[in-house]
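Colleague: Could you bring the model up on the screen, so that we can go through it together?
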Amino acid sequence: MSTRIDPNALQLKDQVIAINRVTKVVKGGKNLSFSALVVVGDGAGIVGYGSGKAREVPMAIRKGIESAKKRLTKVNVTQGSIPHAVLGHYGAGRVLLKPAPPGTGVIAGGAVRAVVEAAGIQNVLTKSLGTTNPHNVVKATMDALLRLRDAQEVAITRGKAAEEI
């Protein structure tokens with residue numbers, strides 16, 4: 001996240017992953033509100049997630065989208081898939097992403113599917129390990145996507161030419 005991505009310059013699509021009804025017990029009774037987990041992406045390697053909380057669902061979603069636009073990051077996508085297999089972690093959530101040949105499609109569950117499709121990855125095999133909590137699964141998926149490195153980055157790190165790798 002070294003360079004900030006301007007959300008206004010992109011055609012972003014948003015997708016709601018989870019809406020949760022939450023209550024706060026106060027002296028006079030219970031205060032009801034809603035929390036929303038949202039992912040946004042341009043379908044070409046830029047993706048972000050965010051959560052919002054409000055008294056009404058539409059307002060919570062709007063806040064989630066605003067939060068997601070502030071956290072946009074660039075992801076390495078090569079020919080509609082990912083360059084290599086990777087395992088992402090967050091809390092008890094672990095997400096395994098494996099590259100797949102063209103025509104495979106996105107083989108993924110709810111939260112992982114939303115993030116991967118928002119990033120513009122068309123062919124990938126995934127497995128969610130550990131928790132099924134959507135917040136932790138989304139964060140683990142983002143961790144996995146941020147760990148992806150292409151051949152040029154690895155070559156520069158090792159001080160070699162891209163053809164040698």
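Colleague: How many residues apart in helix H2 are arginine 113 and glutamate 117, and what does that separation come to in helical turns?
Modeller: Bearing in mind that this is a predicted model, arginine 113 and glutamate 117 are four residues apart in helix H2, which spans residues 110-119, so about one helical turn separates them. These two residues form a salt bridge, in which the closest N and O atoms are 3.2 Å apart.

Colleague: And are those two buried or exposed, or something in between?
Modeller: Arginine 113 has a relative accessible area of 31% and is therefore partly exposed, and glutamate 117, at 37% relative accessibility, counts as partly exposed as well.

Colleague: How many residues of H2 are buried, then?
Modeller: Seven of the ten are, so the helix is largely enclosed by the rest of the structure. The buried residues in H2 are Ala111, Val112, Ala114, Val115, Val116, Ala118 and Ala119.

Colleague: What follows H2?
Modeller: Glycine 120 does, and its phi is positive, near 90 degrees.

Colleague: Back to salt bridges: how many does the structure hold?
Modeller: There are two salt bridges in the structure. Besides the pair in H2, aspartate 143 forms one with arginine 147, where the closest N and O atoms are 3.0 Å apart. Arginine 147 has a relative accessible area of 40%, so this residue is classed as partly exposed.

Colleague: Let's switch to the sheet. What is the strand order in the open sheet of four strands?
Modeller: The order is E5-E6-E8-E7, and the pairing is mixed. Strand E5 (86-90) and strand E7 (106-107) are the edge strands, each of them pairing on one side only.

Colleague: Which helix packs on that sheet, and what does that helix touch?
Modeller: Helix H3, residues 134-146, packs on the sheet and touches E5, strand E6 (93-99) and E8, while its direction makes about 135 degrees with that of E5.

Colleague: In which sense do E7 and E8 pair, parallel or antiparallel?
Modeller: E7 pairs with strand E8, which covers residues 124-130, in the parallel sense over two bridges. Valine 106 has valine 124 in E8 as its bridge partner.

Colleague: I was also looking at threonine 126; where is that residue found, and is it buried or exposed?
Modeller: Threonine 126 is found in strand E8, and because its relative accessibility is 17%, under the 20% cut-off, threonine 126 counts as buried.

Colleague: What lies 2.8 Å from a polar atom of the threonine 126 side chain?
Modeller: That is the backbone oxygen of isoleucine 107, at 2.8 Å from a polar atom of the side chain of threonine 126. Leaving aside residues up to four places away in sequence, threonine 126 touches Leu96, Leu97, Ile107, Ala108, Gly109 and Val112.

Colleague: Last topic, the whole chain: how many helices and strands are there, and in what order do the elements run?
Modeller: The chain has four helices and eight strands, and from the N terminus on the elements run β-β-β-α-β-β-β-β-α-β-α-α.

Colleague: What about overall dimensions and burial?
Modeller: The C-alpha trace spans about 70 × 35 × 30 Å along its principal axes, and buried residues make up 40% of the 165 residues in the chain. The accessible surface of the chain comes to about 9,500 Å², with 50% of it belonging to carbon and sulfur atoms. As for contacts between residues at least 6 apart in sequence, 56% of them join residues at least 24 apart.

Notes
Residues numbered from 1 in each chain as written. Predicted model: local features only at pLDDT ≥ 70, side-chain atom pairs only at ≥ 80, totals over all residues. Heavy atoms only, no water. Pairing = 2+ DSSP bridges. Contact = heavy atoms within 4.5 Å. Axes fitted to C-alpha atoms, helices over the stretch in contact; angles between N-to-C directions. Buried < 20%, exposed > 50% of the residue type's maximum accessible area, 1.4 Å probe, protein only. Polar contact = N/O pair within 3.5 Å; in protein donor to acceptor, adjacent residues only side chain to side chain. Areas by Shrake-Rupley, 256 points an atom, 1.4 Å probe, with all protein chains shown as cover. Salt bridge = Lys/Arg side-chain N within 4 Å of Asp/Glu carboxyl O.
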